[in-house]
Amino acid sequence: PTTRYYEWNISQQTIAPDGLERPMLLVNGMFPGPLVEANTGDQIVVKVTNSMVNGTTIHWHGMYQNGTNWMDGTMGVTQCAIPPGQSFTYNYTVANQWGTYWWHAHAASQYIDGIVGPLIIHSPDEPYLDQYDEDIIMMVSDYYHTDSGALVAWYLSADSQGTEPVPDNGLINGLNTFNCSGDANALFPTGFKCSDGAPLASFDFKAGLTYRVRIINSGSFADFQFSIDDHMLTVIEADGIDMQPVAVQRLPIHVAQRYSVLVHANQTVGNYYVRATMNTNCFNTPNPALNPNVQGVIHYEGAPVTQDFNSTDWTTSSWSAICIDLALDMLHPYAAQAAPTPDVSYEINFAFETINQAGINLAYVNNTSWSPLMTDATLFQAQRGVTLFDASQLIVTLNSTNVVELILNNYDEGSHPFHFHGHTFSVLGWGGGSYIPGKTVLELDNPLRRDTITIPSFGWTVVRFVNDNPGLWTLHCHIDWHMEAGLLMQFESLPEQIKKFQIPSELTAMCGAK
Ligand code: C2O
């Protein structure tokens, strides 16, 4: 094992990902931010210097952080924000996991403004290593031209009537074109330039080779249908768990999910479109100026560099975008594991409500709407044995190592991608309406395991996980607008072990520093 050391400086900079200049929040001036890459067993050390005007934290999405919960980077939960002008060094060891992950700011809505990047873990134990020649990362995301803080304020206010801000564009690896004159309503930052014809993300293929394409939805709201013209995608990984291979033409991917697919460069030398199409029918309100068809380019070596594409869109054949994940019976982990038998079961119900007097739109998980604690992280309180009864914190304490079942009930018309920190869960089933135990047959033999699952509109999802990782772990909707509205709860796992944590004093010292 080795140490992977990175130094990051986060600052506001003006760039033009799709041709329109706007101020963004960037790590080392890059968008997407730098790749973090390691082998299982390595230590990852990232010194983060905050050169912005607001406090920040970085979360390593999907890392188990077993024994290092305080490195999870969740503002108000496992740490207080790194104040402007200060640095903090994240330091953790990657054990027992590999695959495709990502990192992002976990403070307010900052990741929407650019603080995101890929995190890839390799292992000699990966089952498909000899089946591909090269690795390609494709980060797919929705994209807003307006600063996220202004959009959050609008979303939570009476003006939005509870409808989420609708993206202005979408990006692949931080690139796309935008029609500068097409959007009469656009809230262009005044004084910023816009140019048509900005380049698309382009990927080089050599005929005959096989590529492992790692698709990451690093957006904040939209789920996508992903496809590559004329090329089949063989899914081999979901959220860091190797899957039995399954070939598809198109892949739905919701916010924060990842897939690896094998793509054979077996077509005529030429140029082919990569398509990431936003499921706009999952939006409450359309944005007429939005082009939901985000494109990238596969360029075969030897093909002319032209605007000529003789490729065919798979997505023109019938395909109903239904705002849910691939069917559960399509994805089975490569390393088969039966669903664990639950010792306890909890019902988690969530919904949105407008507080009429103030006109504020908030989300509730079991009647609690989360907001981050700004003075002292919940973890530090848990370590002192303080049980928080703060009205903004829903914390379920799990005292013993056992198997926990969650019945997640969605009382909202939208579908919601829920992420659980520090774990993968087994996904036993989902459906519409209410879950009636015994009525729906759950997938028990070798269910899908992943860290982010979509809970269907007015529906339910049943998951189970092993409670063996001490710490405070959030379970939340990864639609960033919804997290800002409070769609987050916490599990306090193994409190007796939390009390024994040796939390670095630099971390606790940041509390109250603001
Ligand atoms: Cu991608 Cu709470 O995280």
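In the exercises below, Ala, Val, Leu, Ile, Met, Phe, Trp, Tyr, Cys and Pro count as nonpolar, Asp, Glu, Lys and Arg as charged, and the others, Gly among them, as polar. The model is a predicted one.

**Exercise 1.** Describe the lining of the second largest pocket by residue class and by the strands that supply it.

*Solution.* Begin with the space itself, which is about 720 Å³ in the second largest pocket. Its lining has 29 residues, and those nearest the centre are Y64, N96, I241, T424 and R449. Sorted by class, the lining holds twelve nonpolar, twelve polar and five charged residues. Turning to the strands, β15 (241-248) and β28 (459-466) each give at least two residues to this lining, and the largest share, three residues, comes from β28.

**Exercise 2.** Carry out the same description for the largest pocket.

*Solution.* The largest pocket contains about 830 Å³ of space, and among its 37 lining residues N54, G55, A107, A108 and Q110 lie nearest the centre. By class, this lining has 22 nonpolar, ten polar and five charged residues. At least two lining residues come from each of β2 (22-27), α1 (148-156) and α3 (480-484).

**Exercise 3.** Find which residues have the most contacts inside the largest nonpolar core, and follow one of them outward.

*Solution.* The largest nonpolar core has 77 residues, and L251, I298, L406, L475, W481 and F491 have the most contacts inside it. Domain 2 (128-333) and domain 3 (344-509) each contribute at least three residues to this core. Now take L475: apart from neighbours within four places in sequence, its contacts include L406, F418, F425, L487 and F491.

Notes
Residues are numbered from 1 along each chain as its sequence is written. This is a predicted model: local features need pLDDT of at least 70, side-chain atom pairs count only at pLDDT 80 or more; totals for chains, interfaces and linings use all residues. Side-chain values use heavy atoms; hydrogens and water are left out. A nonpolar core is a set of buried Ala, Val, Leu, Ile, Met, Phe, Trp, Tyr and Cys residues joined through side-chain atoms within 4.5 Å. Buried means under 20% relative accessible area, exposed over 50%, partly exposed in between (1.4 Å probe, protein chains only). Domain bounds come from an automatic or database domain assignment. Contact means heavy atoms within 4.5 Å. On a 1 Å grid over the protein atoms alone, a cavity is a set of points where a 1.4 Å probe fits but cannot get out, and a pocket is an open set with protein on both sides within 12 Å along at least five of seven lines; lining residues have an atom within 4 Å of a point. Grid points are joined across faces, edges and corners, and a volume is the space filled by probe spheres set on the points. Helices (H or I, at least four residues) and strands (E, at least two) are DSSP runs, numbered from the N terminus.
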